[in-house]
Structure formats: structure tokens, C-alpha cells
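Q: Could you take me through the terms used for this entry and set each value against its definition?

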Amino acid sequence: MTAASTAAHPSLQIYNTLTKKKTPFEPVLPGKVGIYLCGPTVYAEAHIGHMVGPVIFDCIKRYLVYCGYDVTWVVNITDVDDKLIHKANERGLTMLEVAEENIADYNKNLAALGVDQIDQFPRATECMGDIIEFIESLVDQGYAYASEGDVYFDVGKDGEYGKLSNRSLDAMQGEGGGTADRKKNTADFALWKSAKPDEPSWDSPWGKGRPGWHIECSAMSKKILGETFDIHGGGLDLVFPHHENEIAQSECCHHKPMVKYWAHNGLLRKDNSAGKIGGKMSRSAGAGGLHELIDRQGGERIRFFLLRTHYRSTVLFSEPAIEEAAKGLESFYRLFKRYKRITGAEFYSLTAPTKRGAPSIDQGNDPTLTAAAEAKKKFLASMDDDFNTGGAIAELFELASLTNKYCDEADLEGKGAGDAASNAVLDLLMETIKELSNTLGLFLQPPAAAGGSDELLGQVMQLVIDLRADARQAKNFATADAIRDGLAPTGIVLEDRAGGTEWSGGNDGSLDGVMMMLIELRQTSRANKDFATGDAIRDRLKDLGVVLEDRAGGTEWTRG
RNA sequence: GGCGUCGUAGCCAAGUGGCUAAGGCAUCGGAUUGCAAAUCCGACAUCCCCGGUUCGAAUCCGGGCGACGCCUCCA
């Protein structure tokens with residue numbers, strides 16, 4: 001590893017918005033990486049679009065750590081802003097209360113999507129001293145000027161202004177907004193805004209006021225990551241004016257590059273599924289309800305859905321699209337269950353290498369391991385190429401497929417069961433899946449249990465499976481099929497295997513459907529004079545504390 | 001108007017100069033199963049159009065058509 005002294009993995013390339021090129025990744029300080037991602041303005045609940053950046057940067061950090069870097073990831077929270085003030089007034093709360101509420105919402109959403117790599121969440125209101133100091137430095141150096149209690153950045157003093165978003169000052173002859181008369185140039189932007197009566201404010205050399213939107217990021221990134229740091233991220237919609245203004249402030253202040261790699265994620269669009277392509281999502285257009293979406297779909301599905309596409313692409317978001325992605329995810333869950341059936345071991349408890357460069361698993365001459373090593377190589381090549389998670393996921397599917405094939409061919413659930421050599425190969429395959437999926441933040445924990453949290457459903461399902469096993473034993477396939485088909489409306493699926501029948505699917509509402517199926521089965525049994533089955537249903541339900549009552553209008557069930 | 005991005009199978013989506021154009025979903029065959037489900041095997045793309053560069057282009061260049069973003073708050 002000769003080049004490793006300056007770059008742990010010189011094969012890693014990152015696209016840079018500033019240069020519009022992919023370039024090899026070389027951190028400012030060998031072995032260390034600082035990442036700053038623009039977080040939310042917490043005036044309202046988040047929508048799914050707010051998760052694109054956190055999810056991809058969560059993967060980026062995981063991958064960089066895997067590659068051996070020591071990574072610090074910062075996400076700022078904008079908790080002072082016009083919209084927050086308005087919202088607070090509207091609701092009769094303080095700005096801080098509104099912020100706290102939405103920060104809690106944001107954090108819950110991050111946790112649900114498995115975003116847990118963020119090291120610091122600096123808040124604008126907690127860095128007032130740094131912000132004011134930064135503005136003073138710009139004023140002292142002549143890049144900013146005070147005007148009627150406001151302070152503006154003088155874009156005319158910055159010869160490089162517009163370089164990030166590739167626009168010239170001439171092209172920006174807007175009317176300058178409501179404060180145009182206080183500015184020298186309409187493109188000048190506020191570093192400090194004087195407070196109107198009753199607005200939250202902080203003391204400053206220019207009187208009571210609050211920071212403009214862009215300055216907090218310059219001040220906080222400098223404070224935590226330094227004057228030049230490695231990666232600055234955010235949505236593509238932030239390139240102008242937010243990041244353009246950040247780079248102007250920071251580079252005029254420090255006279256050195258602010259950031260080595262500007263990495264911007266693509267935006268989500270709503271899929272109207274009415275033939276028309278939907279527009280951009282935004283809270284001002286009523287987008288929201290991320291929490292409800294997570295409740296319905298689960299965080300890992302959403303994360304997987306987002307990672308299927310390269311982070312710089314636009315993604316058409318719709319719930320059916322998430323459900324389609326989920327079908328792919330299910331095949332991994334099934335493989336994990338299969339692994340447990342064969343070895344008794346839990347995929348989620350496996351120990352896998354956490355650092356890149358572990359010895360290849362292709363030690364012997366097992367063709368499956370050779371193919372798996374190749375898939376791993378391609379996975380890493382994809383991630384090295386500007387964090388191509390979509391290409392990487394394809395290799396995860398490849399590995400899953402190889403593993404299933406191996407289980408089939410070695411008949412690990414039949415004649416080949418218990419073969420130590422085969423199981424060792426299987427372990428290696430599963431550990432490889434674990435090692436790689438870890439860098440994507442996938443399959444870290446088992447997904448929420450089927451059937452929600454209702455213990456009774458599990459017990460009733462055991463009864464259902466026993467009844468069906470009896471019917472199959474007696475070659476009573478009509479009853480066996482009636483049971484399986486009768487469960488279909490509840491979303492529960494039965495799978496017959498050598499070791500017995502397994503069930504999966506369903507949700508909190510499934511229990512009632514299962515009970516209805518049992519009640520119906522009992523009635524048909526009795527109609528067919530099969531009193532043994534009918535009585536077995538009633539008696540075993542009774543053991544579970546469920547009472548059946550035959551009434552004129554039909555049978556009802558109640559929990560004991 | 002200015003600055004950008006994108007157009008790959010029914011759908012989603014990698015690949016950006018050179019083997020049979022990844023992978024997922026759906027569909028259709030086959031193995032397996034009492035029947036299913038799952039799993040495996042197999043089938044399924046003249047890469048928006050036209051022109052150019054090249055021995056060779058989905059990939060580079062020019063033109064067209066179409067979709068979208070930013071230029072105002074936005075992840």
C-alpha cells in the first residue's frame with residue numbers, strides 16, 4: 001500500500017459540484033474526514049425529501065469509516081428564521097418551543113431510517129458568539145457593511161462570487177427584496193438582520209438582531225471542522241443561493257478554500273401517478289407526513305428505496321414505488337430466515353469485518369466463494385465510484401442469489417443438513433453480505449415483527465398451522481387449502497417446508513381476519529359432521545383465553 | 001431569458017468508448033411442491049431521434065424533440 005499514506009483508498013472518487021468533475025478523494029488531513037451537511041430549518045415537520053441527504057451521507061460516513069478514515073459528520077439545525085418566528089406567533093408558542101418540537105420529529109425520523117452516524121447537531125442559537133465574530137471579521141476586512149442595523153455581504157467585493165452555481169453578477173439583477181434600499185447591490189445578502197419589536201433577538205455590535213440564513217453554516221463549519229474541510233453536502237436546491245453565499249463568506253474571511261468536495265444530492269419529486277410527472281416536493285406545497293409514512297412502510301423500506309438510485313439523481317417518490325422496492329428487501333429477509341433454519345444462527349448477530357481489506361473469502365477453490373469474491377469486488381468498485389449505492393445493491397442481490405443457489409445445490413435443508421464444511425461456506429457468504437450491507441446501513445436490526453406486537457396473533461397462528469398440518473396429514477387438502485386461502489385477505493402467507501409450516505406477513509389488523517377464518521372453518525367442519533375439528537378449534541382457542549359465542553347473527557369472538 | 005440536469009426493456013435502475021448492455025419489480029416457460037409459497041434454471045432492450053468523430057459509441061461532439069431543476073424560502 002504505497003499510495004495509502006496520503007489516501008487510504010485512492011480508487012475512491014467523488015463528484016464535486018464546484019469543478020463539475022469526479023476526482024480522486026484525498027482528505028485535507030491524511031486519515032481524517034470532516035463532513036458538513038445542511039440540515040433542516042425546524043419550523044414544520046419533515047417530509048421524505050429531507051431524508052435523502054441524511055441517508056446518503058449516513059452511507060458515505062459508514063463507507064469512509066469502513067475504508068479506514070476517522071470521520072466527523074456535522075448536521076446543523078437552523079432554529080432561528082423568519083418562518084419559525086411566524087409559526088411561533090401563529091401558534092402562540094416561543095420560537096424555541098416550535099424548534100424543539102420539530103427537532104424531536106426530525107430525530108425520530110432519522111432514527112427510523114437508521115441514520116445514526118451524525119456526530120454533532122450544532123444549532124444556530126447556540127453559536128451566536130461564533131456567528132457574530134465571523135460577521136465582525138468580514139466587516140473588518142471590508143467584505144461586509146452595516147446598514148440601518150442590518151449587515152450585508154458585499155458581493156461586489158468578491159471577485160469569485162457565483163463560481164459554485166456558475167452565474168455572474170450581471171445575471172443576477174433581481175429587485176433585491178424588501179430591503180433593497182439598504183443594500184449597495186441587489187445581490188447583497190444579509191449576514192445580520194435587525195430585530196423588529198417583539199422578535200427574538202441577540203445583542204450585537206449592530207444592535208439587537210438575528211443572523212441571516214447563510215452565515216450560521218460558515219461559522220459553525222469553521223468552528224467544528226476548520227477553515228478548510230473535506231465534504232460539504234446538501235440538496236441541489238441549496239447550491240444557490242445558500243452554498244454560493246457560504247463559500248463567499250468563508251473564503252473572503254479566511255482566504256483559503258472552504259471545502260474540498262461539494263456533494264449535492266438530487267431532489268425528490270412527487271409522482272402523481274396520473275400520467276403527469278409531479279413537481280418538486282416542498283413543505284410550502286403541503287408535503288409532510290413523513291412520520292405517518294414511516295409508520296405505514298417502515299424505515300428500512302424507505303432507506304432501501306432511496307439507496308436504489310444514485311444520490312445525485314432525481315427520484316420520483318410514490319408509495320407504490322416504495323412497496324416495489326420492499327419486495328426486493330423481503331428476499332433478503334427470507335434468506336436470513338433460511339440461514340437461521342439451516343444453522344440456527346441469527347444473521348443480525350453475525351460478526352463481519354468492519355474494515356476494508358480483510359482477506360479475500362476466496363481462499364479455497366469453491367466456485368461459489370469465487371463468485372462471491374467477484375461480487376464483493378464489484379460492490380466496492382461501485383461505492384468507490386461516487387458512492388454508487390444502486391450499483392452496489394445489485395451486487396448484494398447477486399450475493400443473495402449465489403447463497404440461495406448454494407443452499408439449494410448442497411441441499412442444506414435436506415440431505416446436506418449439518419455438514420460442517422458446507423455450513424462454513426454458508427457462514428462466509430452471509431458474513432460477506434453482512435460486511436457490505438453494513439456500509440449501506442442496511443440489515444442492522446431485524447425489521448419489525450410480523451403481526452405487530454400482538455402476542456395472541458402468534459399463538460392463534462400456531463393453532464392454525466397445527467390444524468392445517470392435521471388436515472394435510474389426513475390428505476384433507478380441501479381444508480388445508482381453505483385455511484391458506486382464507487388467510488390471504490389478512491396478508492399472512494403460509495409456506496410449507498420440510499421442517500414445518502412457517503407464516504409471515506400480516507399486521508395489527510390481521511388477528512380479526514384470522515379469527516374470522518377460524519370461525520368459518522369451524523362452521524364448515526360442523527356442516528360436514530367433522531365435529532373433531534370443530535371442537536378442536538373451540539377448545540384450543542379457549543386455552544388461549546378466546547371465547548367463541550354462537551349468536552343468531554353469527555359467531556363472535558372475545559378475548560378472555 | 002440566464003445557468004444546469006436528465007431521456008437505457010411494461011415499470012424502477014446501473015453502466016459513460018471495446019467481451020453475450022448489471023440488478024430489482026412484473027410477465028411467460030421449466031425444476032421443486034398434494035396444490036401453493038419460497039428457491040433455483042431459462043425467456044424478455046435495434047440504449048429518445050438525426051448527423052458527425054472513431055477500427056469500434058448507450059457512452060464523445062453537433063443539431064433536434066421531450067422531461068425536470070435553480071435563478072424567491074426550500075433537503
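A: A cavity is, on a 1 Å grid over the protein atoms alone, a set of points where a 1.4 Å probe fits but cannot get out, and its lining residues have an atom within 4 Å of a point. Grid points are joined across faces, edges and corners, and a volume is the space filled by probe spheres set on the points. The largest cavity in this structure has, on that basis, a volume of about 80 Å³. This is a predicted model, in which local features need pLDDT of at least 70 and side-chain atom pairs count only at pLDDT 80 or more, while totals for chains, interfaces and linings use all residues. Residues are numbered from 1 along each chain as its sequence is written, chains are lettered from A and ligands numbered from 1 in the order in which they are written, and side-chain values use heavy atoms, with hydrogens and water left out.

Q: How many cavities of 30 Å³ or more does the structure hold, and what makes up the lining of the largest cavity?
A: There are two cavities of 30 Å³ or more. The largest cavity is lined by Val52, Val55, Ile56, Leu268, Leu306, Leu307, Thr309, His310, Tyr311, Ser313 and Val315. Among the elements (DSSP runs numbered from the N terminus, helices being H or I of at least four residues and strands E of at least two), α1 (52-66) and α8 (299-307) each give two or more residues to this lining, and α1 gives the most, with three. With Ala, Val, Leu, Ile, Met, Phe, Trp, Tyr, Cys and Pro counted as nonpolar, Asp, Glu, Lys and Arg as charged, and the others, Gly among them, as polar, the lining has eight nonpolar, three polar and no charged residues. The second largest cavity, of about 40 Å³, has a lining of five nonpolar, one polar and three charged residues.

Q: What makes a residue count as near RNA strand B, and how many residues surround the strand?
A: A residue is near a strand if one of its heavy atoms lies within 4 Å of it. RNA strand B is surrounded by 54 residues, with Lys83, Trp213, Gly235, Leu238 and Arg484 the closest. By class, these divide into 14 nonpolar, 18 polar and 22 charged, and α11 provides the largest share, eight residues. On the RNA side, 64% of the strand's atoms within 4 Å of the protein belong to sugar or phosphate, and the rest to bases.

Q: How do you know that arginine 334 makes a polar contact with RNA strand B?
A: A polar contact is a pair of N or O atoms within 3.5 Å; within protein, one must be able to donate a hydrogen and the other to accept it, and residues adjacent in sequence count only if both atoms are side-chain atoms. A polar side-chain atom of arginine 334 lies 2.8 Å from a phosphate oxygen of RNA strand B, so the pair qualifies. Histidine 310 uses a backbone N or O atom, 2.7 Å from a phosphate oxygen of the strand.

Q: Why is the pair of tyrosine 36 and phenylalanine 229 called tilted?
A: Rings of Phe, Tyr and Trp (its six-membered ring) pair if their centres lie within 6.5 Å, and planes under 30 degrees apart count as stacked, over 60 as edge-to-face and the rest as tilted. The centres of these two rings are 6.3 Å apart and their planes are at 50°, so the pair is tilted. Tyrosine 36 is in strand β3 (residues 32-37) and phenylalanine 229 in strand β9, 193 residues apart.

Definitions and conventions: 1 Å grid on protein atoms, 1.4 Å probe; cavity = no way out; pocket = protein on both sides within 12 Å on 5 of 7 lines; lining within 4 Å.
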